[in-house]
Amino acid sequence: MLDFLIKNANYGVLGLCALGVLLAVLLILGIKKVNVTNARMGEISSYIKKGAMAYLYRQYEMLGIFLLVMFLVLGFVPGLGFDLAAAFLMGAVLSVVAGYLGMRTAVISNVRTATEAEKGLGAAFKVAFSGGAVMGIFVVSLGAFGVALLSLLTKNTNVLTGFSLGASSIALFCRVGGGIYTKAADVGADLVGKVEAGIPEDDPKNPAVIADNVGDNVGDVAGMGADLFESYVGCIVAAMLLVAVTPGAVSQAHVMLLVAGGLFASLVGIVIVRLMRAKNAALALNIGTYVASGLNIVLALLLFIKDMKVFGGVLCGILAGVVIGKLTEIYTSAGYRTVKEIAKAGNTGSATNILSGYAAGLRSTALPLLVIVAAIIVSYIVAGETGVVLAALGMLSTVGMVISVDAYGPIADNAGGIAQMSDLDESVREITDNLDSVGNTTAAIGKGFSIGSAALTALALIASYTSAVGINGLISLTSPYVMGGLLIGGMLSYLFSALTINSVSRAANDMIEEVRGQFRNRPGIMAGTEQPDYAKCVDISTKAAIREMILPGVIAIAAPIAVGLLLGKEALAGLLVGATLTGILQAISMANSGGAWDNAKKYVEEGHHGGKGSEAHKACVIGDTVGDPLKDTAGPSLNILIKLMSIVAVVFAPLFM
């Protein structure tokens, strides 16, 4: 039986992908069955949908130009060719399709989640999770489909690097652009609305409220989906490249069967959560995640039962992912000490709140990094370099379930906004706030998985690069070229973070001035006799995101090529190592600081330390706005940056020989 599966591994993956798409379609039909009878809710939902689609179309127009240029460059560069260029285009297009379909589902799910919240938490949770699951299913199904199809069409494994490059390029632009959009709107809405005007979050009087809700979709759904699509595809391709040049018991067919097992386990986890009658959202999501992980371990054991060392490598990654997820929850959930301490620090002002959250983020790098180190070393001891890359694949194999849990959060957040703007009963907002609070923690856990896998995947890609350019043995750290590359790579993550955070700051500045201007010049807004100009705020975020995403994306692609051409192949190897080290540490710190600040604010809003409107609340709101661009723009973009630069190095390796 196992021999038959190995011979037909790619066809098995394609069959599971078709099954996944069928399940996604059934979930969409189930979501659409919920009737929205409240006219005001339908109107607000249409504003959000219109703004989100307008942004995506403008972003895709810009990306279309980039894809055409890259296609021609890859096609005409000696040593690459149009086969690789076509794979690049395929990776980019499938990433776009996954993000588009997932976001379209999210914008029809939010209003229906709010509608179902009138019936109770269980009904609302079912719709919100279904909407998130559609994104999760499309990401893994289309990602695995692309790799399996290319594996059937060509025997040249290097063509797969083009597919990964396409996915990574789209992910960086979508994550950066979506992050700038959502955080510019979020910061502007919070600082002027909550702090200055003293109105509740998602109050319809706030001109930035629609832009804020649009941002949840373009940043936290479409951007996040592209991010994890890239992580998933990059991990599979890294494994395929490494086993192709590493003799041993593991073949590319084994890699694809491991992908199939993770995909099947994710689908089972999604179905289980969907069928549960949830009274506790966090418990239901945890059960689905643990069932998917447990089933994945069993399937991996059956696959590698004849070589337990290889199974040990996979197990290292799965367990490391679970542990990193739990550590992330400890640092970012209001159920633990860290968030409560940050909230308490708000009693003495925004400065102490910010200091407490910043220190928590720095502290939170230690244990996850030690877990990553342990996974790398143990997987290497038991199965060599192949073990390391299989550990990364093990960590990300159930990413379909991880994305489903992650994407559910923004849908619940949007549902709360719609409920607030539609003047629904306070009990409805309590339900959506409960779902949203769980979503904040699950989003942080999703980032933890992505960051952890990035370190393992980057290591595998660096090994593929050194093999491709003929660097055999150890690289001398005393070489000025290697040291120069290390320092440049270490610097790039800081430069990249500065650019993205400053982009949010500039866009938020424009948003704040616009909201203040509308409040000042149109008194009827606060009096409730005049509707704010929502479209103007949506346009500010859209233009800023499209404009500001270009430079970081260009740097990520151009830097490794420039260093490789000017300083040599060993300097480029140093750059990749330096960028991985600083990028991983910064990504963990920023993601956890931002998540902790956000939940500290919500902890106060639940009635602690004076509740809404208190001095502690104002301080926590400011802390949350500082954390917004860290956790949703710069932080998650860094793990894409390090893998994108690594795959660029692998793709353009013929130029550095």
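**Reading helices, core and surface patch**

Guide: In this predicted model, helix H6 is largely enclosed by the rest of the structure, because 35 of its 39 residues are buried.

Visitor: What are the limits of H6, and what span does it reach?

Guide: H6 covers residues 159-197. From its first C-alpha to its last it reaches 56 Å, close to the 57 Å expected at 1.5 Å a residue.

Visitor: Which residue follows H6, and what is its phi?

Guide: Gly198 follows H6, with a positive phi near 70 degrees.

Visitor: How should I read a nonpolar core?

Guide: In soluble globular proteins, nonpolar side chains tend to be buried together. Here the largest nonpolar core has 224 residues, and Leu74, Phe125 and Tyr465 have the most contacts inside it. Helix H7, residues 209-245, gives the most to this core, with 22 residues.

Visitor: Which residues make the nonpolar surface patch?

Guide: Met62, Ile65, Val69, Val73, Ile550 and Val554 make a patch of about 460 Å². The elements giving two or more residues to this patch are helix H3 (39-76) and helix H19 (550-567). H3 provides the largest share, 4 residues.

Visitor: How does helix geometry help in reading such a patch?

Guide: An α-helix has 3.6 residues a turn, so residues three or four places apart point the same way. Compare that with the patch members Met62, Ile65, Val69 and Val73.

Visitor: Where is Val73 placed, and why can it belong to a surface patch?

Guide: Val73 lies in helix H3. Patch residues need over 30% relative accessible area, and Val73 qualifies on that count because its value is 35%, which makes it partly exposed.

Note on methods
Residues are numbered from 1 along each chain as its sequence is written. This is a predicted model: local features need pLDDT of at least 70, side-chain atom pairs count only at pLDDT 80 or more; totals for chains, interfaces and linings use all residues. Side-chain values use heavy atoms; hydrogens and water are left out. Patches are made of residues with over 30% relative accessible area and no salt bridge: like charges are joined within 9 Å, nonpolar side chains (Val, Leu, Ile, Met, Phe, Trp, Tyr) within 5 Å. Accessible areas come from the Shrake-Rupley method with a 1.4 Å probe; for residues, only the protein chains shown count as cover. A salt bridge is a side-chain nitrogen of Lys or Arg within 4 Å of a carboxyl oxygen of Asp or Glu. Buried means under 20% relative accessible area, exposed over 50%, partly exposed in between (1.4 Å probe, protein chains only). A nonpolar core is a set of buried Ala, Val, Leu, Ile, Met, Phe, Trp, Tyr and Cys residues joined through side-chain atoms within 4.5 Å. The expected span of a helix is 1.5 Å times one less than its number of residues.
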